[in-house]
Amino acid sequence: MSSDEVKRRAVPKFTSFAPATPAPEAGSEKRHLADRGSSKGREKEGRERRHRPRDHDRDRHRDSDREKEREREGKRERVKDRDRHHDSHHSRHYDRDRHHRRRSTSPASQSKEKPPSRHEPSHTTQSNDVFYFDNKEDPLIFRYGGNERSKIPAYRRYGAGKIIGSPGYLSVYFQGSKEVFAIGGPGEGRGNGSVFRDKTLMNCARAEGAKAKHIKPGVGENGSLAAEDVNGDFISLEPPRKRQRADISPGPGDGRKKPDYRSIYGKAKSDDEESDTDDTSSDSESEGKVGSHLSEMSAAKKRSLELHRQIKARPGDTKAWLELIGLQDALLREHQLEGQSVIGHQVEALAELKLSLYYEALPHAADTSLKEALLTGMMREGEKVWDPKQLAKRWEETSKTNPDSFFLWVSRLNYELSQVATFTNDELKSVMVTKLQSLSQALAIASSSDENNASALCTQLIYVFVRLTCYLRDSGYVELAVAVWQATLELNFCRPSDAPGFQSVMEEFSDFWESEVPRIGEENAKGWRHFVEDMGDMADPPESMTRKPSGIPETKDPFEAWASLERQQAVEARMPARTLDEGTDDDPFRVIMFSDIKDLVLWFAPRLLSQAQPQLVEALLTFCRLPTYSALRDPFIAPRGQAFEFALNQLGRREASTSVEIERKPPLFGQQGGNMALSQELLFSGQDWFQYLGQWSTLSQETDGEVDPGWVLETLRYLVLTCSIEQLAEYYLALAWLKEPSGAKKVAKGLLKRYSSKMRLYSAYAMIEYANGSVGMAEKVLLSATSQNAADGQILWNTWVWMHLKTGKNRLALLRLLSSVDSTISLDVKSSSPVSPALLLKARAHFSTKRDYSLSSHQLEPALQYAESFALLEYLSPNSTENSRSTKFPSQGNFTSALANIQSFATQLHSLGHKTLHERVLQTAARLLYHHVTHGPYKPSTLRQHLHNFIRLFPHNTLFLSLLAWAEQSTLRINDPVRSILRESLSLSSSSTIKDTTDSSPEDSHAEVIVPIPIPTHRFVIEYELLSGAGLRQPGTATIHSTKAAFEAAVSDPLACKYNVDIWIGYIRFLAQVYLDAISLSSPGSSSSSNTGTRESGKKKTDAQTASALKALKDVFYRAIAACPWSKRLYMEAFSATGLVNELSSGELRAVVGTMVAKGLRVHVDFEGFGRKWKEKEEVRARE
C-alpha cells in the first residue's frame, strides 16, 4: 500500500473538505495491515472508501455482517442455500469492485490535483494512525455546518442516541445529514421501545393515511416457527435489488399449501385476494389499536374529541364552544407535572389558542347571552396578548356593537376599574350613576308592560347599586355610601302608604332629609312614614357632635404620624354629619345634602316591592361586608373573610414537635365568609362547631373602609322590628350575640315578643343560652316551645337531642327524640329496660312519612328537619346485628345506619335538583361524623372516605375541606392528599364552564356560563399553607414558597381574587412578615458560629435573602395598586407599622399619597399642610 493511500485514513479534529495529510510511520502501517488482513484485499477496500459514496460503504459493512451470519447458519444444515446466496453476493461485489477500479485514478494524480491543506498536523502531535489533534480552527465548519463527512469513519451511537445519565428524554438523532440534539417529553421520541408505541408518531402516520401492517413469522410444516424467521436479524424495509423470476412458483413440496375448495377454511383464494385480505385484517387491527388508544385517553381528551365532533355537526352550539374553550386549561395541565403552574410563554400560547376558538365560535352564536359570554371571554384572553391600546380599542368597539348588553357593561366596568393609568374616581362614579339612571328609566317603563323584563331589570338595578355603594365605601367616601343606603331603605321600606309618584316622592323626601331628624340606623329613628303621618311626634335632631382630640403617636417619622391621624379622622367620618357638628367647616364632605344623593338612590314601584325588598336586604348585608352566598364569587363586592393575622403570627414558629405522636388539634371553626350552606347550627353553634360569622366582631373593629358596626346592628333591628322583615331575625340575633353575648338575652326576648309563633327563634335562643353555659335555661326555653305543638316544631326536638349528645347522654337523647312521636313515653334514664322495638318502628315510620310528604309538597325546611330526626334515630337506636356501635364507648352510636339513611335522602334530593338542601343534608352528616369520631374509636380510612365523597359533590365547601384537613393532620405521608384535592378543586372551574341555572346570582339575571372559583376556596388554600402547627397540619410542613404560590394562584385568577382587596392585603402582610424574619436572621446577634469565614458567607446569604424579600414585597404592593387602584385600604397599607413605611423612601411614600389625591380618593388630612406643621414642631422641639 502506498503512503498516499494511508494518508487518507487520518481523521483530524478540525478539517476542511480536502486536506492533504501526512503519512504515518512505517511501523504503524505494518501493524495496521496485520490487523486488517491481506494487503491486496485492503488495498481494494481503501480505494472503495475513497471513491464510493457513503451508502456503498454502509452496504459493504452490512454485507460483511450478513456473510458472518450465513457462516453460522451453515452449521445448522443449510449449506446449499447459503453457498448459493454467498456466490451471488461475491459476484455482485466483484463486479462493483471492477467498476470502481476503472473509474479510479492513481494516488499520485489525486495528490497533484488537490491543493495543500492549511491545517496540516505536525508529526509530533500524532498519537496513533487514526486520530490527531488540530489546534487551529477551520472556518469551513461554520459555512457547511460540520466536519467533512468523508473524513469521519463509520460509527454508531450506543443506546440509539441516548445521552448517558439522562432519564431518556435527551437524545441525538440525524435530521438529514446533520446530528440534532433534542429534548422530548415522557413517552416521546426514540429510545422508548417500539416505534408503534410512540403515540405522537403513530397519530401523525394515521393523519397521513398510513396503515400499520403486522407481519407474522412463517410457520413450518409442524406448526413451529421457521428457522430463518427465528434467527433472522432484521426485516428489510427496502425493495429487493433484483426482480424475482416470474416463472418461479411454489411447488407441491415447498410447505406452502393453499386451502382446498372443500376446506373448512373456506373457498380457495387467489394471490390478489389474499393480499386484499391481509390489508383488511391489518386495517381492522389498526382500528383496534386506535380503540385501545382511545380507552387509554384521559377524560378531558375524550371530552375534547366529543366536543369537536359536536361542533363540527352543529356549529351553532355555543355551549359546546364554551366548554371546549374551558377545557383547554385541563388539556394543558395533563402535559405538566403535578403542582406546576402555567407561566410565561405558556400563558400567551394558551390565550392565543383560546382566542382562535373564540373567533371561530362568534359567527355561529345566535343566543344573546351566550354571545355575550363569548365576547367577554375573548376580551379576557386578549388582556394576556394584546397591548393596552389595542385592548382599549377592542373594548370600545365591542361596547358600541352591543350597547344593550348588561353583561358586557359589567365586564367593561371591571376592566376600567383595573386600569391604573386611566382610572379616576369621578369618571368611574359617573359611569355607574349613568347606568343606574338608565336602568331606573327602563324599569319604570317595563313595570307596567313586561313583567319578566321588569324582574330582570330589577335585579340588574340592585346589582349596579351595590357596586356603586361598595365602590364609594372602598374609595374612602363611607359617609356618602351610608347616606345613600339610608335614603334607599327609607324610600322602599318606610314609605308612607299613600306615596304619590316618583317626582312627588322625591320632593317630600327632600324635606325629611333636610330636617336632619334621626334616620334609619341612628338612635331614636322612627322613619320617614312616621315623619309624614305624625310630624309632631318626631324626635328632635340629634345634638351636635364634638370632635374627639386627635392623639398623634410619639414617632419621628412624619409619614407614620400622618397615617395615624388619617385613620383617626376616617373613623369619625364613617357616618354622615349634621350641619352643626364640629369640624364640618374643615371637611365639607362630611355633611351629605339631599342634592348629593338624589341621583344615587333607588325607588321601586309598589308592584315590584315584594320582589325588590328581599334583594335589597341581601344587598345591604353585602355592603356591610357580611357574608352572603350570592357575593362569594364576585371579587368587587365579596364579603370579608377570616383574617390572616393569626396565621401570619404562626409563620415564624417552626419548632419541630418533640412528642412521638403528633397532637391533633381541633379544626378552625371560625369560618368567617366560608363557602357553605347557611343553617342555624352555623349561626349559633358556639366553639364546638363551625361559625358562619365567627370573626365578625373582630373584623368590624378595623377602621379602614369599614361601616360602623353599631349602625349595622341598629339598621337590622329597625328592619326586623319596625319594617317586619322576618327573614333577617335570626341573622340579626346572631350578630347581636357575637357583638355582646351577655346582651343577646334581651334581644332574643324582644324578637320572641314580636314573632311569638316562630319556632326557629326559640331554637336559636336555646342554642345561645347553651353556648353561654346556661344549660338549664336552654332546656326551659325548649320545654316551653315544644309544649306549643307547632307544625314546624321538629327543629326544637333536634336541637334538644344535640344538646344531650354533646354531653354524652345518648339514652336520654333517644328518649327525647321518641317523645316527639309519643308524648307519653317516660324519660327515666336510670331504667335498665330497653326501648320497645314497636316504638322504634313507629318513630321510623313517622319520620319517614313526614319527610317524604314535606318534600313532595315542596316544604323543604320541614323535610330537612324530619330527615335529620330520622338520621339521629338511626344513630341512637340499638342494633344487635351490626358491630358499628361500640359497647365500650356508650357515647358513640350506630353511625353506619345513620349515614346510609342520610345518603339515601341526599340521593333523592340530588335527583330532584335541590342543590342547597342537598348540601345542608351533607353538612348534617359531617356534623354527626365529627361527633362520632371525637367520642370514641373509629377507622381513619372510613372518615376520609366519607369526607372525600362529600367533597366530590361539593368541591368548594370549606366546611368539608376543613374537616378533611383536620383528619389528615396526624398522617405522616410524603404526598399531601389535602393539597392534591385543593389543587383539583381550583381546576374545576376551567373544566366545567356551564353554570347551573339553580345558582344564578342576583347580580346577573341572564344565564352566565363562566363559573368562577369562589373566593373562600382560594382563601382556604392560602390559610392551609399559612397555618403551621395551628390546627390544620403537623408543625413544619408549611413553607414560605408554598404559601407564596398559593397567594400567586389566587391573585392571578381574573375571575376570583385578582380584584379582591383582602387577598392582596393578606399577601402584602405575609411578605412583610417574611421580610422581617429575614432581617432578624441577618442581624449580628443571630449568628453563633465561631468560624469567621462561615459567618461572613452566611451574612452574605442572609443579606441576599433580605434584599430579595424586600424586592418581592415592593413588587407585590405595586401590583396590588395596579389591580385595585380604587381601594384606599391598599394605599394605606404602605404606611402600616409592619409594612413598607420603614423601607420605602420619602419620595416613594410621597408618590403614594400623591397618587391617592390624583385618583380622587378620600383623604381627610392634607399631607403637605401636615408636613409643614410637623416640620415646625420638630424645629421647636429641637430648640428646646
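Threonine 849 counts as exposed in this predicted model, because its relative accessibility of 52% is over the 50% cut-off. The residue belongs to helix α35, which covers residues 837–856. Tyrosine 866 follows 17 residues along the chain from threonine 849, and the C-alpha atoms of the two are 9.0 Å apart.

**A negatively charged surface patch**

A patch of negative charge on the surface brings together Asp498, Glu507, Glu508, Asp511, Glu514, Glu533, Asp534 and Asp596. Helix α20, residues 502–514, supplies four residues, the largest share of this patch. One of the patch members, aspartate 534, is placed in the loop that runs between α21 (528–533) and α22 (558–572). Is aspartate 534 buried, partly exposed or exposed? Its relative accessibility is 35%, and it is therefore classed as partly exposed, since this class lies between the limits of 20% and 50%.

**Aromatic pairs**

The model holds 33 aromatic pairs. Phenylalanine 423 and tyrosine 471 make an edge-to-face pair, because their planes stand at 85° with the ring centres 6.5 Å apart. Distant parts of the chain are linked by this pair, whose members are 48 residues apart: phenylalanine 423 sits in the loop between α16 (406–417) and α17 (425–446), and tyrosine 471 in helix α18 (residues 451–474). Phenylalanine 423 has a relative accessible area of 1% and is buried. Tyrosine 471 is likewise buried, at 4%.

An edge-to-face arrangement is also found for phenylalanine 512 and phenylalanine 531, with 5.3 Å from centre to centre and 65° between the planes. Because phenylalanine 512 is in helix α20 and phenylalanine 531 in helix α21, the pair ties together parts separated by 19 residues in sequence. Phenylalanine 512 and phenylalanine 531 are both buried.

The two pairs are set out below.

| Pair | Centre distance | Plane angle | Arrangement |
|---|---|---|---|
| Phenylalanine 423 and tyrosine 471 | 6.5 Å | 85° | edge-to-face |
| Phenylalanine 512 and phenylalanine 531 | 5.3 Å | 65° | edge-to-face |

Which residues do ring pairs link into a cluster? The members are Phe509, Phe512, Trp513, Trp528, Phe531 and Phe594. The cluster thus includes Phe512 and Phe531, the buried residues described above. Helix α20 accordingly appears in two settings: it provides four residues of the negative patch, and it carries phenylalanine 512, which pairs with phenylalanine 531 of helix α21.

Methods:
Residues are numbered from 1 along each chain as its sequence is written. This is a predicted model: local features need pLDDT of at least 70, side-chain atom pairs count only at pLDDT 80 or more; totals for chains, interfaces and linings use all residues. Side-chain values use heavy atoms; hydrogens and water are left out. Patches are made of residues with over 30% relative accessible area and no salt bridge: like charges are joined within 9 Å, nonpolar side chains (Val, Leu, Ile, Met, Phe, Trp, Tyr) within 5 Å. Accessible areas come from the Shrake-Rupley method with a 1.4 Å probe; for residues, only the protein chains shown count as cover. A salt bridge is a side-chain nitrogen of Lys or Arg within 4 Å of a carboxyl oxygen of Asp or Glu. Lys and Arg count as positive and Asp and Glu as negative; His and the chain ends are not counted. The place of a charge is taken as NZ of Lys, CZ of Arg, CG of Asp or CD of Glu. Buried means under 20% relative accessible area, exposed over 50%, partly exposed in between (1.4 Å probe, protein chains only). Rings of Phe, Tyr and Trp (its six-membered ring) pair if their centres lie within 6.5 Å; planes under 30 degrees apart count as stacked, over 60 as edge-to-face and the rest as tilted.
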